[in-house]
Amino acid sequence: MFDESKIYYSDDPALRVIGARQTLAGWRSKGIGPDYIKLGSRVAYTGQALNEWIAARTVRTTAA
């Protein structure tokens, strides 16, 4: 889903598929969101970390 070689800053519109900027900030404070990088006062995510976080939340359905 995300380009693994790219850095996504917290205001990047591509992150909206995961959640609003405020949602991501809340998750960071609770330690439940994707791994992130602090670059000075800015927050960034690697594409790899975002893809791993999404993959870890993938739910497989079972056939009835």
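Modeller: Before we start, a definition: two residues are in contact when heavy atoms of one come within 4.5 Å of the other. The model is predicted.

Colleague: With that in hand, which residues does Asp35 touch, leaving out those up to four places away in sequence?

Modeller: Asp35 touches Tyr45 and Ala49. Tyr45 is ten residues from Asp35 along the chain, and their C-alpha atoms are separated by 6.8 Å.

Colleague: Where is Asp35 found, and is Asp35 buried or exposed?

Modeller: Asp35 sits in the loop that runs between helix H1 (21-30) and strand E2 (37-39). For burial, the general idea is a cut-off: over 50% relative accessible area counts as exposed. Asp35 has 59%, so Asp35 is exposed.

Colleague: Which residues form a negative surface patch with Asp35?

Modeller: Asp3, Glu4 and Glu52 form the patch together with Asp35. Glu4 comes from the segment before E1. At 48% relative accessibility, Glu4 is partly exposed.

Colleague: What about a nonpolar patch: which residues make one?

Modeller: Ile7, Ile37 and Leu39 make a nonpolar surface patch of about 210 Å². Of these, Ile37 lies in strand E2 and is partly exposed, with a relative accessible area of 30%.

Colleague: On to pairs of opposite charge. How many salt bridges does a search of the whole structure find?

Modeller: The general idea is a distance test: a side-chain nitrogen of Lys or Arg must lie within 4 Å of a carboxyl oxygen of Asp or Glu. The search of the whole structure finds one salt bridge. Its partners are the side chains of Asp11 and Arg42, at 3.9 Å from N to O.

Colleague: Where in the chain are Asp11 and Arg42?

Modeller: Asp11 is in the loop between strand E1 (7-9) and H1, while Arg42 is in strand E3 (residues 42-46). The two are 31 residues apart, and the pair links distant parts of the chain.

Colleague: How should I describe the exposure of Asp11 and of Arg42?

Modeller: Partly exposed is the class between 20% and 50% relative accessible area. Asp11 belongs there because its value is 45%, and Arg42 belongs there because its value is 41%.

Colleague: What pattern do the helices and strands follow along the sequence?

Modeller: The order is β-α-β-β-α, from two helices and three strands.

Colleague: Now helix H2. Why do residues three or four places apart in an α-helix point the same way?

Modeller: An α-helix has 3.6 residues a turn, so residues at that spacing face one way.

Colleague: Which residues of H2 are buried, and what covers them?

Modeller: H2 covers residues 47-56, and its buried residues are Gly47, Ala49, Leu50, Asn51 and Trp53. The elements covering them include E1, H1 and E3. Ala49, as said, is also touched by Asp35.

Colleague: Finally, the whole chain. What share of its residues counts as buried, and what share of its contacts joins residues at least 24 apart?

Modeller: Of the 64 residues, 30% count as buried. Among contacts between residues at least 6 apart in sequence, 51% join residues at least 24 apart.

Colleague: What are the figures for the exposed area and for the charges?

Modeller: The chain exposes about 4,600 Å², with carbon and sulfur atoms supplying 51% of it. There are 9 positive and 6 negative side chains, and the centres of these two sets are 9 Å apart. The C-alpha atoms fill a box of roughly 50 × 25 × 20 Å along the principal axes.

How values were computed: Residues numbered from 1 in each chain as written. Predicted model: local features only at pLDDT ≥ 70, side-chain atom pairs only at ≥ 80, totals over all residues. Heavy atoms only, no water. Helix = DSSP H or I, 4+ residues; strand = E, 2+ residues; numbered from the N terminus. Buried < 20%, exposed > 50% of the residue type's maximum accessible area, 1.4 Å probe, protein only. Patch = residues over 30% accessible without salt bridge, like charges linked within 9 Å, V, L, I, M, F, W, Y side chains within 5 Å. Areas by Shrake-Rupley, 256 points an atom, 1.4 Å probe, with all protein chains shown as cover. Lys, Arg positive; Asp, Glu negative; His and termini not counted. Charge placed at Lys NZ, Arg CZ, Asp CG, Glu CD.
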